[in-house]
Every structure is written in structure tokens, then in C-alpha cells.
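Please look at the sequence and the structure shown here, and then work through the exercises, trying each task before reading its solution.

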Amino acid sequence: MPSAPFRAIGIFSRPRRADITDIVRPLLEWFAKHGIRAVYDTETAVSLRDESGGRPRELLAHESDLLLVLGGDGTLLAAAREAAPRGIPVLPINLGSLGFLTSFTLDELYPALEGTIAGELSASERMMLRASLVREGESVESQLVLNEAVITKGALARMIEIQLSIDEDFVCRYRADGLIVATPTGSTAYSLSAGGPIVHPEVESIIVTPICPHTLSDRPLVVANTSKVEMKLRGTAESVYLTLDGQKGVLMESEDHVMISRAEERLKLIQPHRKSYFDILRRKLKWGEG
């Protein structure tokens, strides 16, 4: 029988996953057998042809003691925004390809559930950021991010100019394709592909990585997690976007600025106790393979 903290488990799945029905139907039977109430998002409900039984994603965490994520890292990023404010843990099952964050495989689904319910698997807490887009003194967008906030130009836009300040101290005026502000968790995502460092999740910090800077001496920075980071868009703004965790894009205007700081909310992420962070890095990045 489940322990008290997990009376209800929410299923948060990747939309349009072809085999999600084959995964979820036996899962619902398993929950019923173990006396656990299952709730699921509308995306899962569509796959099950039970649209009346689904919950909007923004409400799912309010009815759950644990979120079970079935998908890839993108699905987890969406779930993190809902779970972190409620303080409930997330159990990620990788149905994608790379999956730095969704480190349990589908074959490990039921052992992971059993271990979580029995209290054998603990949750690591991941730092998140609060990113706010400010225009003419007013916040027009504010969101939690687990990975990164990015200012980037559109496909046909010219190189853009971004002024970076940290704790109100001027740092640099970048001419680049964009600028990434990432968490340690996000250091293995977009920041890594732009040449940023890999930062262990327990090293609480904020990473600033320029994208294809015009000046080669403009290098990535790692600053304290207590820092207040400000990115201000200078000059003309043609097809320039603020992108949050790669899932939401907001068109920017000249002189807009983005304020970023450590969020009060933290993600509780359940991890396999037999896989270290370096095991996951080695496997995903194929280190040591000739």
C-alpha cells in the first residue's frame, strides 16, 4: 500500500505520442491495484479517448501528490512549471531520445514507482529562475524556467546588441546572435551547444553564455546564484525574441529588458540512486567512445 504522501499521482504525458495509450492503460490498472487515485492531463485523455476525464495541465498539480512525467526533457520542463510552485516531486520517465533530465527508462517505470512510493528514491532539488520581460517600466511577461531564458534573433535578422548588467554593475555590451542565461540544470541544454560550461546541479550558480559573439573574447560567465541579471536590448529590434525554456517565445521591442533572478520555487526531481550525474553525462554525451 502507498505511503501517505502519494494518495494521488498525476500523469503528465508528451502530446501525440503514438504508444502513450499502451503505456497508460496498464499504468492506471497498477494504480488502482495499489489504492492510488490517478489523474491525468487533457493530452493523455485524448490518447485514451476519455477527454472528459482529463485535467488542464495548470490544474493537474493541484490534485496530485506526485507528477509522473512520460516524455522527454521538453515534457519535463512544462511539468516543472506546474509542480515547483506546489512543492510536489516529479518522477520523469524518458520516452524521448536524449533525456538529460528524464533519466529513468520506460523499462524502469514500475520499479521507479515502487521505489518512490516506498521512500527508497529521494528527490534532488533543482534551482529555477524567474525571468521577467519589462517594457516601459511594466512587466509584460514573467515565468519560471528550469533551463534557461534566451534573447535571440530570428532566422533573417541581423546581429543584435544586448547590454548585460549583473547586480546593477555594467558587464558587457554584446554584439551576437543572442544571449543565454541558464541554471546549472540548463547548462547541458542550449548553453552547452553555444559553448557554455557544464555545471553540476549542486553548484548553485547562474551561467551567461553568448551565442556566436562578434568579439571572440566575449566568453561565458558563471556568477553567484544570488545575482540579479539584466539583459537590455539595444538598437533596432527586428525579429528578436525572448524564449523561455525553449517553449514560449515573446517578440521583443527596442529598449526592452529582461530581469532574471533565482526563483523561490525549486523543482523536486526524483533520480535513480544507482545512476550518478556523471553516469548520465557519460552515457548521453558518449564520453570515452572511440
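The exercises below deal with salt bridges in this model, which is predicted.

**Exercise 1.** Find which parts of the chain are linked by the salt bridge between Glu43 and Arg57, and decide whether each of the two residues is buried or exposed in some degree.

Solution. Begin with the contact itself: the side chains of Glu43 and Arg57 meet with N and O 3.4 Å apart, and this falls within the 4 Å that a salt bridge requires. Next, place the partners: Glu43 sits in helix 2 (residues 42-47) and Arg57 in helix 3 (residues 57-60), so that the pair links distant parts of the chain, 14 residues apart. Finally, compare each value with the cut-off: Arg57 has 18% relative accessibility and therefore counts as buried, since buried means under 20%, whereas Glu43, at 24%, counts as partly exposed.

**Exercise 2.** Work out which elements of the chain are tied together by the salt bridge of Arg135 and Glu253.

Solution. First, note that the side chains of Arg135 and Glu253 form a salt bridge with an N to O distance of 3.7 Å. Arg135 lies in strand 5, while Glu253 lies in the loop between strand 15 (248-251) and strand 16, so the pair ties together parts that are 118 residues apart in sequence. As a last step, consider accessibility: Glu253 counts as partly exposed because its value is 43%.

**Exercise 3.** State how many salt bridges the structure holds, and name the residues that are linked in a network.

Solution. The structure holds 16 salt bridges, and a network of them links Arg37, Arg55 and Glu63.

Definitions and conventions. Residues are numbered from 1 along each chain as its sequence is written. This is a predicted model: local features need pLDDT of at least 70, side-chain atom pairs count only at pLDDT 80 or more; totals for chains, interfaces and linings use all residues. Side-chain values use heavy atoms; hydrogens and water are left out. Helices (H or I, at least four residues) and strands (E, at least two) are DSSP runs, numbered from the N terminus. Buried means under 20% relative accessible area, exposed over 50%, partly exposed in between (1.4 Å probe, protein chains only).
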